[in-house]
Structures are given as C-alpha cells and as structure tokens.
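Dear colleague,

I am handing over the structure below, and after it you will find my notes on what turned up when I went through it. Please read them with the model open beside you.

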Amino acid sequence: MSVRHGLLALLSQGPRYGYQLKTEFEASTADTCPLNIGQVYTTLSRLERDGLVSRAGEDEQGRVRYAITPDGHGELGRWFAKPVSRADRPRDELVVKLAMAATTPGVDVAAVIQAQRSSTMRNLQELTRAKRGFDASAEAAQRLVLDSMIFQAEAEQRWLDHCEAVLARPSDSSPAKETT
C-alpha cells in the first residue's frame, strides 16, 4: 500500500492537515487500510523533504496544512500511469506457509488448508455483509475496495481448492510403469 501516493492524491484535491488526511485516506479505502497518525506525519515530513508537498499555513485551530507542489503532481501522475507489478507487492504469507507445510515432515497440510478455508469463508461472509450495508450513495472508492477484497477472498478459496487437489494426487516423481 502506498501511503505516500495516497496522501498525494488527497492533497491534489486541496490543502489538508494530518488528521484530516488520515480520516479521508481510511474513508477512501472503506476503513480497510487504517493509518497510524504518526505514519501520516512521518510520510508528510518525507514528502516535504522530497519537495512533493509544502506547508500551506495553518487553519483556524492552528493545525498545519499541507499542499501538493508541482513536483508532487508530477509524481502522482507517474504513479497513476504506472501499472502495479506483482514483484512490487510483499510476499504472500499464505503461499509461503502452504509451501513450507507441504515440505515439512509431520505437518498435516490438509488441516492447514482447512483452517485457512474456514477463515477465508468467514472473511468473505463479513465482506459480503459489509457490501450489502452500503447504500447507493456510498462512494465508488469504498465499493471498489470492498469488491476487490471480495474477489481476492473468492480467488483464495479457488486456490485452496487447487492446493487440496494437487496434494491429493499421487506424486509424479514415482517411476513410470512400463506398458506392454
């Protein structure tokens, strides 16, 4: 998740102070990507250091507001234009866990898969209920985030089915029988 670029996107809509950025970021992501306020201010400091934002004075309560700079607009445009590569994403812990379970003696891989399947199904049900809770006026960004999470959970279920099927097959490493 790019907090840096998310904050730039929000600042492209006008100057904001830190807590305002935090709440708008979380609202835009349907509260699925919570931010620590310290993370917001650390990121703002780095953005300011890099010349992508500048201080835009204070509001009536004395809170420092930040504004995006022309260099910040350029950086944001490049981010929106560049596709996200699978290599840019962190490792998938579930993939690593199942790979290790499949190669570690004494691990019941089927039980690992079943535990994950149950957890993923509960998550999918929660996401579906959350989506039903949105009315027609819900922001498109929030609906898109929930849809993405639902699709990922459905894909994970299909992948778990595949893992189970692969592990249930006899090993291909056994010598082939000759036919006469």
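In which helix is the place of Y19? Y19 belongs to helix α2, which covers residues 18–28. Please keep in mind, here and in everything that follows, that this is a predicted model.

**Overall layout**

The secondary structure of the protein amounts to seven helices and three strands, and these elements, read from the N terminus on, follow the order α-β-α-α-β-β-α-α-α-α. Of the 180 residues of the protein, 28% count as buried, while the area that the protein exposes is about 12,100 Å², with carbon and sulfur atoms supplying 53% of it. If one takes the contacts with a separation of 6 or more, residues 24 or more positions apart account for 51% of them.

**A surface patch and the aromatic side chains**

To return to Y19, this residue makes a nonpolar surface patch of about 280 Å² together with I37 and Y41. Y19 counts as partly exposed because its relative accessibility is 46%, a value that falls between the limits of 20% for buried and 50% for exposed.

As for ring pairs, the structure holds one aromatic pair. The partners are W79 and F80, whose ring centres lie 5.1 Å from each other and whose planes make an angle of 45 degrees, so that the pair is classed as tilted. The relative accessible area of W79 is 32%, and W79 is therefore partly exposed, whereas F80, at 56% relative accessibility, counts as exposed.

A further ring is involved with a charged side chain: R63 lies over the face of Y17, at a distance of 3.9 Å from the ring centre.

**Salt bridges**

How many salt bridges does the structure hold? There are 10 salt bridges in the structure, and a few of them deserve a closer description.

The residue R63, already mentioned for its place over the face of Y17, also forms a salt bridge with D59, in which the closest N and O atoms are 2.7 Å apart. D59 counts as buried because its relative accessibility is 12%, while R63, with a relative accessible area of 32%, is partly exposed.

Another salt bridge joins D161 and R117, with 2.5 Å between the closest N and O atoms. This pair links distant parts of the chain, since D161 sits in helix α7 (residues 140–168) and R117 in helix α6 (residues 109–133), with their positions 44 residues apart in the count along the chain. Here D161 is partly exposed, at 41% relative accessibility, whereas R117 is buried, with a relative accessible area of 14%.

The helices α6 and α7 appear again in the salt bridge in which the side chains of D147 and K131 meet, at 2.6 Å from N to O. Because D147 lies in helix α7 and K131 in helix α6, this pair ties together parts that are 16 residues apart in sequence. K131 has a relative accessible area of 39% and is therefore partly exposed.

Finally, R4, R49 and D50 are linked with one another in a network of salt bridges.

**Two buried residues**

Which residues does A30 contact, once its neighbours within four places in sequence are left aside? The contacts of A30 are with Q142, V145 and L146. A30 itself is found in the loop between α2 and α3, and, with a relative accessibility of 18%, A30 counts as buried. A30 and A130 are 100 residues apart in sequence, yet their C-alpha atoms are 9.7 Å apart in space.

Is L44 buried or exposed? L44 is buried, because its relative accessible area is 0%, and the place of L44 is in helix α3. When residues up to four places away in sequence are not counted, L44 touches L7, L11, G18, L21, V53 and Y66. In addition, L44 and R55 are 11 residues apart along the chain, and a distance of 9.6 Å separates their C-alpha atoms.

With best regards

Technical notes. Residues numbered from 1 in each chain as written. Predicted model: local features only at pLDDT ≥ 70, side-chain atom pairs only at ≥ 80, totals over all residues. Heavy atoms only, no water. Patch = residues over 30% accessible without salt bridge, like charges linked within 9 Å, V, L, I, M, F, W, Y side chains within 5 Å. Areas by Shrake-Rupley, 256 points an atom, 1.4 Å probe, with all protein chains shown as cover. Salt bridge = Lys/Arg side-chain N within 4 Å of Asp/Glu carboxyl O. Helix = DSSP H or I, 4+ residues; strand = E, 2+ residues; numbered from the N terminus. Buried < 20%, exposed > 50% of the residue type's maximum accessible area, 1.4 Å probe, protein only. Phe/Tyr/Trp six-rings, centres within 6.5 Å; stacked < 30°, edge-to-face > 60°. Lys NZ or Arg CZ within 6 Å of the ring centre and 35° of its normal. Contact = heavy atoms within 4.5 Å.
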